[in-house]
There are 2 protein chains.
Amino acid sequence: MPTDKVPDIVVGRLPLYLRTLNYLIEEGYEIVSSHELGRRLGISPAQIRKDLSHFGEFGKQGAGYDVKYLSSQLKHILHVEGVWPVALVGCGALGHALANYNGFVTKGFEITLIFDNDPAKIGQVVAGKVIHDVADMPRLICEHGIRIAIVAVPSSAAQATVDVLVRCQVRAILNYAPINISVPPGVQVQNIDPAVHLQRMTYYL
Amino acid sequence: MPTDKVPDIVVGRLPLYLRTLNYLIEEGYEIVSSHELGRRLGISPAQIRKDLSHFGEFGKQGAGYDVKYLSSQLKHILHVEGVWPVALVGCGALGHALANYNGFVTKGFEITLIFDNDPAKIGQVVAGKVIHDVADMPRLICEHGIRIAIVAVPSSAAQATVDVLVRCQVRAILNYAPINISVPPGVQVQNIDPAVHLQRMTYYL
DNA sequence: TCTCTCTTGTGAAAGCAATCACATACTCCT
DNA sequence: AGGAGTATGTGATTGCTTTCACAAGAGAGA
Ligand SMILES: NC(=O)c1ccc[n+]([C@@H]2O[C@H](COP(=O)([O-])OP(=O)(O)OC[C@H]3O[C@@H](n4cnc5c(N)ncnc54)[C@H](O)[C@@H]3O)[C@@H](O)[C@H]2O)c1
Ligand SMILES: NC(=O)c1ccc[n+]([C@@H]2O[C@H](COP(=O)([O-])OP(=O)(O)OC[C@H]3O[C@@H](n4cnc5c(N)ncnc54)[C@H](O)[C@@H]3O)[C@@H](O)[C@H]2O)c1
């Protein structure tokens with residue numbers, strides 16, 4: 001029973017399913033049951049079946065799911081069959097780590113443009129890419145048709161950076177600055193703040 | 001009407017409230033309403049009031065919340081009044097960025113021990129701390145009474161690293177390896193995987 | 001072929017979470 | 001001092017998510 005309107009919370013789990021399926025492929029699995037997948041993810045088998053049922057029928061009764069097939073279907077659903085070009089803004093300590101991270105390409109992303117506003121950094125080469133002046137960001141992002149950006153600038157510069165990105169037609173932003181940024185409707189934002197994650201755990205200590 | 005058993009999802013929002021309150025303090029606010037706080041966070045005022053009501057009555061009718069007071073109360077609830085010593089395992093590109101990150105201390109954390117298994121790195125000084133051999137991890141973590149660790153090792157080493165940490169009485173783990181790790185009940189885990197966050201957004205593009 | 005076992009996909013039920021709406025109470029202004 | 005305006009805290013309600021439970025399909029072995 002395909003796509004009515006899929007809850008965000010379901011969409012949020014699909015990348016986790018996909019990640020685990022790809023590990024299963026590496027391990028040589030050809031078939032996996034919702035039970036085994038759930039065991040690895042700490043999620044109930046029923047929930048996995050229900051989640052997938054939003055998009056179609058991918059399994060075979062009595063057997064389970066063909067791992068490669070389900071992986072390819074999830075890539076299709078998530079629009080990561082190809083490789084999205086991504087802009088990285090802010091090439092400090094964290095930006096360097098991200099630029100050199102080799103885990104993106106197999107997941108459907110490649111950092112193709114890097115920006116900073118520090119004259120000492122502009123022109124330097126990081127991970128095979130030149131660091132561009134943020135002043136050139138509108139032009140370059142437009143020319144490359146970039147839709148996705150990673151923001152790794154100081155908090156004080158984050159909102160202004162995001163505003164520029166949004167004007168450049170960027171529609172998905174991964175924000176590392178520890179601040180709440182605001183964007184117009186239709187622009188996706190995901191935030192990563194390790195301090196927030198740590199504080200979520202200390203409550204229980 | 002204080003603490004019955006607070007839902008995890010409520011606890012998960014408290015660090016966001018705290019973060020925003022601290023920005024409000026910097027901006028000179030003394031009082032804030034649930035409406036204004038909600039506007040900044042993209043959360044409904046009613047939800048904020050309901051969340052806080054799990055822990056007590058912090059506001060004043062007709063006025064709002066005393067920003068400093070509420071901040072201090074949230075710090076108390078989240079057990080981040082002091083500074084937790086944290087172990088960092090894996091001092092590669094990402095580990096370096098984390099070790100040098102100055103945003104932790106004001107949030108209640110300080111990386112006090114750094115470990116790696118690369119002989120070329122062991123003994124080097126990063127952010128004023130010596131990189132220790134992972135072989136010494138059990139002893140040092142025990143001696144320092146560390147309860148919180150950040151894992152920034154390759155995926156292939158993550159589960160084994162976590163197993164050691166758990167045996168050393170670490171009870172909260174922030175995992176950057178893009179893999180699902182399993183831990184015994186009572187151990188908190190939070191995962192950060194930028195590729196997962198990006199894939200959550202591409203669905204909507 | 002028939003039976004037994006396994007696993008999916010899915011309505012129904014149960015369990016959680018978010019929102020509503022208002023009594024209550026505090027502030028500010030005249 | 002008193003009234004108008006404002007914002008909290010919370011029971012009731014609505015809405016959403018997860019789990020349950022089972023019919024139906026697939027394969028394996030006798
Ligand atoms: N280092 C970490 O591990 C870490 C962890 C969590 C969050 N963060 C956050 O990520 C962001 C970057 O952290 P970092 O450690 O790399 O800091 P950093 O100071 O090393 O790097 C910031 C970079 O952004 C550049 N920059 C500043 N303003 C800019 C602008 N307007 N446009 C473009 N570039 C600009 C600076 O020149 C610098 O290169 C910060 O918001 C920080 O709070 C970092
Ligand atoms: N670089 C990034 O921006 C980024 C982003 C997301 C996730 N990650 C993940 O974070 C982890 C680290 O990434 P990185 O880019 O720093 O990789 P890296 O290869 O630069 O660093 C890994 C470090 O871990 C050390 N190490 C390896 N095995 C170890 C062990 N058993 N015990 C202790 N130390 C060990 C290595 O010596 C190295 O110093 C990886 O799992 C990676 O997938 C990195």
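These legends walk you through close-up views of a predicted model, with stops at ligand 1, a group of strands in chain B and DNA strand D.

**View 1. Ligand 1 lies at a site shared between chains.** Residues from chains A and B surround ligand 1, so neither chain alone makes up the site. Of the 22 residues around the ligand, the ones that come nearest are Ala93(A), Leu94(A), Asp116(A), Lys121(A) and Val153(A). By class, this shell holds 15 nonpolar, 4 polar and 3 charged residues.

**View 2. Polar side chains reach oxygen atoms of ligand 1.** Start with Asp116(A), where a side-chain N or O atom is 2.5 Å from an oxygen atom of the ligand. For Lys121(A), the distance from a side-chain N or O atom to a ligand oxygen is 2.7 Å. Chain B joins in through Tyr101(B), with a polar side-chain atom 3.4 Å from an oxygen atom of ligand 1. Taken alone, the ligand exposes 820 Å², and the protein buries 81% of that.

**View 3. Ligand 1 occupies a pocket framed by helices.** The ligand sits in the second largest pocket. Two or more residues of the shell come from each of these elements: α5 (93–100) and α7 (155–167) of chain A, and α5 (93–100) of chain B.

**View 4. In chain B, strand β7 pairs with β5 and with β6.** Strand β5 (residues 109–116) runs parallel to β7 (residues 129–133), and 3 bridges join the two. Here, look for Ile114(B), whose bridge partner in β7(B) is Ile131(B). Strand β6 (residues 125–126) is instead antiparallel to β7(B), with 2 bridges between them; Val126(B) has Lys129(B) as its bridge partner. The hairpin of β6(B) and β7(B) has 2 residues between the strands, and Ala127(B) takes a positive phi near 50° there.

**View 5. Both protein chains come near DNA strand D.** Of the 25 residues around the strand, Gln47(A), Gln61(A), Ser34(B), Gln61(B) and Tyr65(B) come nearest. Sugar and phosphate make up 67% of the strand D atoms that come within 4 Å of the protein. The elements that each supply at least two residues of this surface are α1 (8–26) and α3 (45–53) of chain A, along with α3 (45–53), β2 (59–60) and β3 (64–66) of chain B. The surface divides into 6 nonpolar, 11 polar and 8 charged residues.

**View 6. Phosphate, base and sugar or linking atoms of DNA strand D meet polar protein atoms**. A side-chain N or O atom of Ser44(A) is 2.8 Å from a phosphate oxygen. Arg49(A) places a side-chain N or O atom 3.4 Å from a base nitrogen. At Gly62(B), a polar backbone atom is 3.2 Å from a sugar or linking oxygen.

Note on methods
Residues are numbered from 1 along each chain as its sequence is written. Chains are lettered from A and ligands numbered from 1 in the order in which they are written. This is a predicted model: local features need pLDDT of at least 70, side-chain atom pairs count only at pLDDT 80 or more; totals for chains, interfaces and linings use all residues. Side-chain values use heavy atoms; hydrogens and water are left out. A residue is near a molecule or strand if one of its heavy atoms lies within 4 Å of it. A polar contact is a pair of N or O atoms within 3.5 Å; within protein, one must be able to donate a hydrogen and the other to accept it, and residues adjacent in sequence count only if both atoms are side-chain atoms. Accessible areas come from the Shrake-Rupley method with a 1.4 Å probe; for residues, only the protein chains shown count as cover. On a 1 Å grid over the protein atoms alone, a cavity is a set of points where a 1.4 Å probe fits but cannot get out, and a pocket is an open set with protein on both sides within 12 Å along at least five of seven lines; lining residues have an atom within 4 Å of a point. A molecule sits in a cavity or pocket if more than half of its atoms lie within 2 Å of its grid points. Helices (H or I, at least four residues) and strands (E, at least two) are DSSP runs, numbered from the N terminus. Ala, Val, Leu, Ile, Met, Phe, Trp, Tyr, Cys and Pro count as nonpolar, Asp, Glu, Lys and Arg as charged, and the others, Gly among them, as polar. Two strands pair if DSSP finds at least two bridges between them.
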